[in-house]
Amino acid sequence: MADERPVAGSAGTTGLAGTAGLAGLAEERVDHRFKALPPDADGLTVAELAAERRNLFTGGFTTPVLALSAESVAHNLALLETYTERHGLAFAPHGKTSMSPQLFARQLEHGAWGITAAVPHQARVYRAFGIQRIFLANELVDAAALTWLAGELNADPEFSFICYVDSVRGVELMDEALSAAGASRPVDVVVELGAGEGARTGARTGADCAAVADAVAAAGTLRLVGVAGYEGEVPDATGERVRDWLRRLVALAADFDAAGRFAALDAGAGERIVISAGGSAWFDAVADVFAEIPELSYPVLKLLRSGAYVSHDDGHYRHLTPFNRVPEEGALQPSFRLWAQVVSRPTGEQAFLNAGKRDAAYDLDLPQAQVVRSGRDGSVRAATGIEITGLSDQHAWVRTDEGAELEVGDWVGMGLSHPCTSFDKWQLIPLVAADGTVTDYIRTFF
């Protein structure tokens, strides 16, 4: 029988997030550490508070409060599962978006191969919650982190870890640290191909990539299992330019295979060559080009890493999502809504809300006023003639058109842009059904 350990590209188990760790989150006590939660819930466990199924608007929550739509999250999880299955892609969504073990577990339940990380702290969080497959989309040269990684690999033969390498020096540093740490099995690595001159990380030329691969072959603590990169950094990206770069990535894998650089893989154990790309803006191009991958000496794990889909947004990714180009494949739904109250209405053209930079993502776009909930009777109306024009630390600056209905005490629901900097401002986020019932609380670890 083939070895079913989930090593690089194997067909083994995905390893759902540790149930004990998730249960521990449910037993955490609610108190002042968590913004917006009802003061009268202090001392309850998260599970006990969730069981009360309080209403977001009448259940004692304070403003500002960030809400995550339960229905939209479920829709988005199912959509990407269907999409990746349809296109023959494996999926390791980038966990940096949410840093939420509860959402990781749901992503794995929806068919994810593993979870992507960017830095050692994220990988440590993943391991604390039982993630068995981690793809670290960065070169890892921190000796302390490599010592930790060696310990994880030594202690758990079922743990699979893959990371980038993009420099000979980086390979040398990894080998030194892993050797000193007594790593019992090699760390699987993929050579990162840079997206072009002036792009972010990655070896720039085929010769550079070959030199890195040679260094890996000479290192006793590393094993080359594939190639990877990030098409979102292609300069002046267009569909044609992105596809050209993705074809370069595929050609690099084919060249490495022809040169016998993947000979350490064990086909009998179900191991595969890893070819990985895919952010949240061009995964349609990834699907198209990866469908053209030629037959290689080993089967190929076509690994997509998009992460922002789980919550989507009302700004940056709403404009960039590939589903705009392929509407027949479906559509993601924005899941975030930040609720704040009007605390000042100094003139007929100006108002201020009690949410600011500490509460709302603002690195790409300002929040968008979407709906107003009356502070008098709870009725909800469109935020017609209401615009967020700026943010202070704890205030949103609002401009109102003549005749716009808005008074002190009203709640304003805002759509947000950029999921990564929305999640990271909130440690415990109410998961809210369409009728306002809070069904659960999403814990984050940033």
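Colleague: What span should helix α3 have, going by its 17 residues?
Modeller: In this predicted model, α3 covers residues 70-86 (a helix is a DSSP run of H or I with at least four residues, a strand a run of E with at least two, each numbered from the N terminus). At 1.5 Å a residue, α3 should span 24 Å, and its end C-alpha atoms lie 25 Å apart, which agrees. The expected span is 1.5 Å times one less than the residue count.

Colleague: Which residues of α3 are buried?
Modeller: A70, S72, V73, N76, L77, L79, L80, Y83 and T84. Buried means under 20% relative accessible area, exposed over 50%, partly exposed in between (1.4 Å probe, protein chains only).

Colleague: And what follows α3?
Modeller: G88 comes after α3, with a positive phi near 70 degrees.

Colleague: How do α3 and α4 cross?
Modeller: Their axes cross at roughly 40 degrees and come within 9 Å, α4 being residues 101-109. Axes are lines fitted to C-alpha atoms over the stretch in contact, with angles from 0 to 180 degrees between N-to-C directions. The two helices are therefore oblique to each other (under 35 degrees is roughly parallel, over 145 roughly antiparallel, 65 to 115 roughly perpendicular, the rest oblique).

Colleague: Which residues make that contact?
Modeller: From α3 we have V73, A74, L77 and E81, and from α4 L103, R106, Q107 and E109. Contact means heavy atoms within 4.5 Å.

Colleague: New topic: what angle do α6 and α7 pack at?
Modeller: Helix α6 (residues 143-155) packs at about 55 degrees to helix α7 (residues 168-181), with the axes 9 Å apart. That makes α6 oblique to α7. A143, L146, T147, A150 and N154 of α6 meet L173, M174, A177, L178 and A181 of α7.

Colleague: Where is the cis peptide bond?
Modeller: It joins T63 and P64, and omega is about 0 degrees. P64 sits in the loop between α2 (46-52) and β1 (65-69).

Colleague: What about H312, is it buried or exposed?
Modeller: H312 is buried, at 4% relative accessible area. Its phi is positive, near 55 degrees, though H312 isn't a glycine. You'll find H312 in the loop between β9 (300-304) and α11 (316-320).

Colleague: And what is phi for H418?
Modeller: Positive, about 80 degrees, and H418 isn't a glycine either. H418 lies in the loop between β16 (411-415) and α12 (420-423). At 13% relative accessibility, H418 counts as buried.

Colleague: Any ground rules?
Modeller: Residues are numbered from 1 along each chain as its sequence is written, and side-chain values use heavy atoms, leaving out hydrogens and water. Local features need pLDDT of at least 70 and side-chain atom pairs 80 or more, while totals for chains, interfaces and linings use all residues.
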